[in-house]
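Please open the model in your viewer, and keep a selection tool and a cartoon representation at hand. The stops below are meant to be taken in order.

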Amino acid sequence: MYLSSVSSRLLLYDTNNWELKYCHGKSDGIIRDVSWSDDSKYILLVNPKGTAEILSPASHNLVLQHIPIDDSCAACFQRDGHRNIAVGTTKGEVIIWDAKNKEKTKIFPTLPSYAAVDFLSFNAKNTNLAASMQNGDTVIYGLVSNIPISTVKLNCSKSISAMKFHHEARSLLGLATDEGHVILKDVSVNKDKVTFENSHASPVSDFVYSLINRDVMLSCGLDKNLQVYDIKQRNVVSTLKTPHALTSLAINGENQVALGTQKGYVLLYDLRDLTTPLKILKGHNNKVKKVAFQPPRKKFMSPELSLVDKLDTNSPNLESPIQNNSLDMLFTCNTPPNRSEPPARDVEDSFLFKMGMEDKSNEELELNQNRSYRTSDRNEFRLHQLDIEKSAMHQKSSTPIINKTADNIMQNPTTQNGISEERASNSNSLPIKSNITVQNVGIDNKTIEELKDFFKLSLSYVADDNKNCFLHIMMALTKQKLYLEKQLSQMSNQLLRLEENQNELVEINRKLALEIDQLKSRHTSF
């Protein structure tokens, strides 16, 4: 696992011993942006010259691909992959780049009041892309309809200092401002969900969401403070005061926090104990533009291991290594705590409500999807275990009785009162076979029931995705219809004006003809 930090160079540190492993770039300017792919394989970097590069720490040649888009200033990978990359330019263009085929797949239309793109972020399900501009506007693009869906404007500020979607809630967008505010908006209804006003006394430089608890968020600012928030309770849980102005922030799955500073240092803390830093890295001479931890690789349980053992090792009842700390309840659980039912959100002004199709909230859809993922993983391993047991049963049924007797003799070597070993082994083999058969049938029935639940959840998720796709298309068609109706009304007004002008001209012509007749009659009379 690596920690990346960028200033005039890209530095990669090994998180096991915090030793510098790689150094990339020259001291000819500040690197504009850097991020990791969710599969932890590649790094996306925007160099000082405005060119995006794809890097691989595992390769001897660190740079794998240059993206030929001029004047790039922001870039990010899509969620759960590395093929599609969003790139923003100083001209306000937002482009989707296919890293496999090395071509542009989407070019979103540039808005009339465009400005340079500062930040880009995909939502949790790769259905929306947010782009924050230098003029303070944040445009939400639909990746299904390929058009701008909405524009997020803040009443409290026109300068966005940080922006990113939540990694689990698909419609939750976080925004930070130069006035020290941190705002969380629900982009599905374009309303503020949580607002932390004046959480910092100076511009907020960066913020992140906790990877362990979805209701925990952190932010840092030039006022030298690190703030820890509880989104659900809407309050500040803890404040860390550091001796340096903070410019960037990152957190990993082990509650390790990295803070970039104005003087080029990287401060490392354990979120469960913020009293003293774990390490101070001094590899940069200029301010640290951004820090980012390498995401954890997705681990799949081996089918050779017991399913019960694996579930026991993944039990959520884990104890914190640090006791007597009020923050442990927020950060030490591997799974989010049980929550009460969230309050019903106001959807009267949403597009779904107006179309009469608002029946499920985003939180319910995400809960169903997470449940289907967990059920599918559980069913796969149960099916594998069932196949192993069936193959073992088949081998036992096809084995001669003599071999089965020998096996049971090895397991039960003792005899009682002159009873032969063969009879004892045969008598012992019968209940074992019946028990295995009963257990096999029980597992089979249970697996079938779980598969039924899994198929129901999977079909409901596919139906929800189709519904969202249909709604995006309907939204685009509705906008096009409104535009055409507006154009038609304008044309109708123009036709009315032309008809009125024509009537006026006919009237004037009639009056002129009458005057000509009068003049002719006067001339003949004289």
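What follows is a tour of a predicted model, going from one sheet to its strands, then to ring contacts, and ending at an annotated helical span.

**The sheet**

Begin by selecting strand E20 (204-209) and strand E23 (235-241), which are the edge strands of an open sheet and each pair on one side only. With the intervening strands added, the sheet has 4 strands in the order E20-E21-E22-E23, and their pairing is antiparallel. If you look across this sheet, neighbouring strands are turned against each other by 20° on average, with direction ignored.

**From E21 to E22**

Next select residues 216-221, which form strand E21, together with residues 225-230, which form strand E22; the two run antiparallel and are joined by 5 bridges. Two positions help to set the register by eye: Cys 220 stands opposite Leu 226 of E22, and Leu 218 has Val 228 in E22 as its bridge partner. Now move to the hairpin of E21 and E22, where 3 residues lie between the strands and where Lys 224 takes a positive phi near 75°.

**Both faces of E22**

Stay on E22 and show its side chains. In a regular strand, side chains alternate between the two faces of the sheet. Which residues of E22 are buried on one side, and which on the other? On one side they are Asn 225, Gln 227 and Tyr 229, and on the other Leu 226, Val 228 and Asp 230, so that both faces of the strand are covered. Counted over the strand, 6 of the 6 residues of E22 are buried.

**From E22 to E23**

Extend the selection to E23, which runs antiparallel to E22 and is joined to it by 6 bridges. Here Asp 230 has Asn 235 in E23 as its bridge partner. The hairpin of E22 and E23 has 4 residues between the strands, and within this hairpin Arg 234 takes a positive phi near 60°.

**Aromatic pairs**

How many aromatic pairs does a search of the whole structure find? The search finds 5, and two of these deserve a stop. For one of them, select Phe 108 and Tyr 141, whose ring centres are 4.6 Å apart and whose planes meet at 35°, so the pair is tilted. The two residues are 33 residues apart and link distant parts of the chain, with Phe 108 in the loop between strand E11 (103-107) and strand E12 (117-122) and Tyr 141 in strand E14 (residues 138-142). Phe 108 counts as buried at 3% relative accessibility, and Tyr 141 counts as buried at 1%.

The other stop leads back to E22: the rings of Phe 196 and Tyr 229 have centres 4.5 Å apart and planes at 40°, so this pair is tilted. Phe 196 belongs to strand E19 (residues 191-196) and Tyr 229 to strand E22, so the pair can be followed between distant parts of the chain, 33 residues apart. Both Phe 196 and Tyr 229 are buried.

**Charges over rings**

Select Lys 164 and Phe 207, where the charged end of the lysine sits over the ring, 5.4 Å from its centre. Then select Lys 282 and Tyr 265, where the charged end of Lys 282 sits over the tyrosine ring at 5.5 Å from its centre.

**The annotated span**

Finally, select residues 481-518, which UniProt lists in an unreviewed entry as "coiled-coil region". In the model this span is 100% helix and 0% strand, and its end C-alpha atoms lie 55 Å apart.

Technical notes: Residues numbered from 1 in each chain as written. Predicted model: local features only at pLDDT ≥ 70, side-chain atom pairs only at ≥ 80, totals over all residues. Heavy atoms only, no water. UniProt positions renumbered as here; feature names shortened; annotations may be inferred. Pairing = 2+ DSSP bridges. Axes fitted to C-alpha atoms, helices over the stretch in contact; angles between N-to-C directions. Buried < 20%, exposed > 50% of the residue type's maximum accessible area, 1.4 Å probe, protein only. Phe/Tyr/Trp six-rings, centres within 6.5 Å; stacked < 30°, edge-to-face > 60°. Lys NZ or Arg CZ within 6 Å of the ring centre and 35° of its normal.
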